[in-house]
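Subject: The structure for you to look at

Hi there,

Here is the structure I promised to pass on. Have a look at it first, and then read on for what I found.

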Amino acid sequence: MLRVENVYKTFFPGTINEKRALNGLSLHLKPGDFVTVIGGNGAGKSTMLNAIAGVWPIDAGKIIINNVDITQRPEHQRAQFIGRVFQDPMLGTAAGMTIEENLAIASRRGQTPGFSWSCSSKDHDRFFELLKELDLGLENRMTAKVGLLSGGQRQALTLLMATLKKPELLLLDEHTAALDPKTASKVLSLTEKIVNRDKLTSIMITHNMRDALRYGNRLVMLHNGNIIIDVEGEQKQCLDIPDLLAMFEKAAGNSLDSDRLLLG
């Protein structure tokens, strides 16, 4: 379904700040895979997601979604394939527009904008029912400006918007990192519910090893711009945090050092 083939990305090449962020990274996802991604700072997690999303061009390699080579396509052209939720709850929504207006825009992802766009009564009823499923009371605030929502409410809305028009691939870039633990747990539960219900192929970056082990059917760990651990199914279910740390140290050839605090 998704094939990331031998991808390289170097920032500031030829300068004192040169940084090889992706080092021949390859990742293949089957339809319906829910992959959690962990790794220390600078491991290449967000760089990988940004490469898939088309935020910047890659130096070499290919990115293919459902047999469509999107390697050379700009970010806006990939929107028809990809839904994304960012770490910052302020991203992904239009603060000055209402909840209903934001959902109307999301329902037309990948289409050319036009003045004929409007929210019909059918759309309104559909949005009401979808918001009701979030159990946050947003179905009764559809005319409220999104900028008035809390971070958790806004992130839940962004998640709904990203999946409203079922994407080929859902990218979740530490989408609960900026939330308090209770709200983060709520958004993660909503994520799991939507992903499983709609059988979405998804990649979720997290710094929380417990969440990485709990959610999804597959886990990968990045180090120095490449995947060093890739486990799924029963093997993943049987792992705990000490197991994962030991696997990292064996695969990377060194101890986690400061990363142990980051990943624990």
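About 12700 Å² of the protein chain is exposed, and carbon and sulfur atoms supply 50% of that area. Of its 264 residues, 48% count as buried. Please keep in mind that this is a predicted model. The average pLDDT of the protein chain is 89, and 92% of the residues score at least 70. Where should you be careful? Among the elements, helix H10 (residues 258-263) has the lowest mean pLDDT, 44, while strand S8 (residues 202-205) has the highest, 97. The pLDDT is below 50 over residues 258-264, a stretch that has 15 contacts in the model beyond near neighbours in sequence.

Now the overall build. The protein chain contains ten helices and ten strands. Its radius of gyration is 19 Å, close to the 18 Å that the globule rule gives for 264 residues, so the chain is as compact as a globular protein of that length. Along the principal axes, the C-alpha atoms fill a box of roughly 60 × 40 × 35 Å. If you take the contacts between residues at least 6 apart in sequence, 67% of them join residues at least 24 apart.

There are two sheets to tell you about. One is an open sheet of six strands with mixed pairing, in the order S6-S7-S8-S3-S9-S10. Its edge strands are S6 and strand S10 (226-232), each of which pairs on one side only. From one strand to the next, the twist averages 20°.

Within this sheet, strand S7 (169-173) is a good place to start. Strand S6 (residues 82-85) runs parallel to S7 and is joined to it by four bridges, with Arg84 standing opposite Leu171 of S7. S7 and S8 also run parallel, joined by four bridges, and here Asp173 stands opposite Ile205 of S8. What about burial? Five of the five residues of S7 are buried, so this strand is largely enclosed by the rest of the structure. In a regular strand the side chains alternate between the two faces of the sheet. In S7, Leu169, Leu171 and Asp173 point one way, and Leu170 and Leu172 point the other way.

At the other end of the strand order, strand S9 (residues 218-223) and S10 pair in the antiparallel sense over six bridges, and Met221 has Ile229 in S10 as its bridge partner. Helix H5 (residues 151-164) packs on this sheet, where it touches S6 and S7, and its direction makes about 175° with that of S6.

The other sheet is also open, with four strands in the order S2-S1-S4-S5 and antiparallel pairing. Its edge strands are strand S2 (19-29) and strand S5 (68-69), each pairing on one side only. Strand S4 (residues 60-65) and S5 pair in the antiparallel sense over two bridges, and Ile65 has Val68 in S5 as its bridge partner.

Helix H1 (residues 45-53) packs on this four-stranded sheet, touching strand S1 (2-11), S2 and S4, and its direction makes about 65° with that of S2. H1 also lies across strand S3 (34-38), S6, S7, S8 and S9, running at about 145° to S7. Is H1 buried or exposed? Eight of its nine residues are buried, so the helix is largely enclosed by the rest of the structure. The buried residues are Lys45, Thr47, Met48, Leu49, Asn50, Ala51, Ile52 and Ala53. Just after H1, Gly54 takes a positive phi of about 85°.

One last spot to look up is Ala177, in the loop between S7 and helix H6 (181-198). With a relative accessibility of 45%, Ala177 counts as partly exposed, because that class lies between the 20% and 50% cut-offs. Ala177 and Asp88 are 89 residues apart in sequence, and their C-alpha atoms are 8.2 Å apart in space.

Happy browsing, and do write back with any questions.

Best wishes

Conventions:
Residues numbered from 1 in each chain as written. Predicted model: local features only at pLDDT ≥ 70, side-chain atom pairs only at ≥ 80, totals over all residues. Heavy atoms only, no water. Pairing = 2+ DSSP bridges. Contact = heavy atoms within 4.5 Å. Axes fitted to C-alpha atoms, helices over the stretch in contact; angles between N-to-C directions. Rg over C-alpha atoms; globule rule 2.2 N^0.38 Å. Buried < 20%, exposed > 50% of the residue type's maximum accessible area, 1.4 Å probe, protein only. Areas by Shrake-Rupley, 256 points an atom, 1.4 Å probe, with all protein chains shown as cover. pLDDT = per-residue confidence, 0-100.
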